[in-house]
Amino acid sequence: QVQLVESGGGLVQPGGSLRLSCAASGSIDSTYAMGWYRQTPGKQRELVATITSGGNTNYADSVKGRFTMSRDNAKNMVYLQMNSLKPEDTAVYYCTSATPYSYFATRWDYWGKGTLATVSS
């Protein structure tokens, strides 16, 4: 069993920055892939970024060049650095994890409860 707890959400002005954190615990290990999803009411859930155990990252086109995902395996921590924020980035952000097998099948095994990031002036 894996537990994921997000933090770092809050209110930020357009053009500002915010760093989200995800603390993983339980049976998770460094072989797991990690991801960030976001959800806005009335819109489809969007996969924002992923990172493999080796540190390879992928980003949605909507955030490419502005967001950076990273992980610290020694601390079981995952981060999402969000820069040049836009109002449309406002969402509940969810941390997810997947075993290598699940990641290959694009299936996410575990989810956090989310943290709200609001971009508004």
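These are my notebook entries on a predicted model, covering one sheet, the salt bridges, the disulfide and one buried threonine.

**Entry 1. Ground rules**

I number residues from 1 along each chain as its sequence is written, and side-chain values use heavy atoms, with hydrogens and water left out. Since the model is predicted, local features need pLDDT of at least 70 and side-chain atom pairs count only at pLDDT 80 or more, while totals for chains, interfaces and linings use all residues.

**Entry 2. The sheet**

I looked up the strands (DSSP runs of E, at least two residues, numbered from the N terminus). I took two strands as paired if DSSP finds at least two bridges between them. Strands of a sheet pair through backbone hydrogen bonds, either parallel or antiparallel.

In what order do the strands of the open sheet stand? The order is β1-β3-β8-β7, 4 strands with antiparallel pairing. β1 and β7 stand at the edges, and each has a single partner strand, so one side of each is left without a neighbour in the sheet. From one strand to the next, the twist averages 15°; for angles, axes are lines fitted to C-alpha atoms, for helices over the stretch in contact, and the angles run from 0 to 180 degrees between N-to-C directions.

I then went through the pairs.

- β1 (residues 2-7) is joined to β3 by 6 bridges, and the two run antiparallel. Here Leu-4 stands opposite Ala-24, and Ser-7 stands opposite Ser-21.
- β3 (residues 18-26) pairs with β8 over 6 bridges, in the antiparallel sense. Leu-20 has Leu-80 as its bridge partner in β8.
- β7 (residues 67-72) pairs with β8 over 6 bridges, also antiparallel. Arg-71 stands opposite Val-78 in β8.

I noted that β7 and β8 form a hairpin with 4 residues between them. In its turn, Asn-76 has a positive phi of about 55°.

**Entry 3. What is covered in the sheet**

I used relative accessible area for burial: buried is under 20%, exposed is over 50%, and partly exposed is in between (1.4 Å probe, protein chains only). Why is strand β8 largely enclosed by the rest of the structure? In β8 (residues 77-82), 5 of the 6 residues are buried, so the strand is largely enclosed. The edge strand β1 has two faces: Val-2, Leu-4 and Glu-6 make up the covered one, and Gln-3, Val-5 and Ser-7 the uncovered one.

**Entry 4. Salt bridges**

How many salt bridges does the structure hold? I found 5 of them, a salt bridge being a side-chain nitrogen of Lys or Arg within 4 Å of a carboxyl oxygen of Asp or Glu.

One of them joins Arg-66 and Asp-89 at 2.7 Å, N to O. Arg-66 lies in the loop between β6 (57-59) and β7, and Asp-89 in the loop between β8 and β9 (91-98), so the pair ties together parts that are 23 residues apart in sequence. Both of these residues, Arg-66 and Asp-89, are buried.

Lys-64 and Asp-61 meet in another salt bridge, at 3.2 Å, N to O. Lys-64 counts as exposed at 51%, and Asp-61 counts as exposed at 67%.

Asp-109 and Arg-107 form a salt bridge with their closest N and O atoms 3.9 Å apart. Asp-109 is partly exposed at 30%, and Arg-107 is partly exposed at 45%. I also noted one network, in which salt bridges that share partners join Arg-38, Glu-46, Arg-66 and Asp-89.

**Entry 5. The disulfide**

I searched for pairs of cysteine sulfur atoms within 2.5 Å, the rule for a disulfide, and the count came to 1. Cys-22 and Cys-95 form the disulfide, with sulfur atoms 2.1 Å apart. Cys-22 lies in strand β3 and Cys-95 in strand β9, so the pair ties together parts that are 73 residues apart in sequence. The torsion about the S-S bond is about -80°, so the disulfide is left-handed. Both cysteines, Cys-22 and Cys-95, are buried.

**Entry 6. Thr-50**

Is Thr-50 buried or exposed? Thr-50, in strand β5 (residues 46-51), is buried, with a relative accessible area of 6%. Its side chain makes a polar contact of 3.3 Å with that of Tyr-103. For a polar contact I required a pair of N or O atoms within 3.5 Å; within protein, one must be able to donate a hydrogen and the other to accept it, and residues adjacent in sequence count only if both atoms are side-chain atoms.

I also listed contacts (heavy atoms within 4.5 Å). Leaving aside neighbours within four places in sequence, Thr-50 is in contact with residues including Met-34, Gly-35, Met-69, Tyr-103 and Trp-108.
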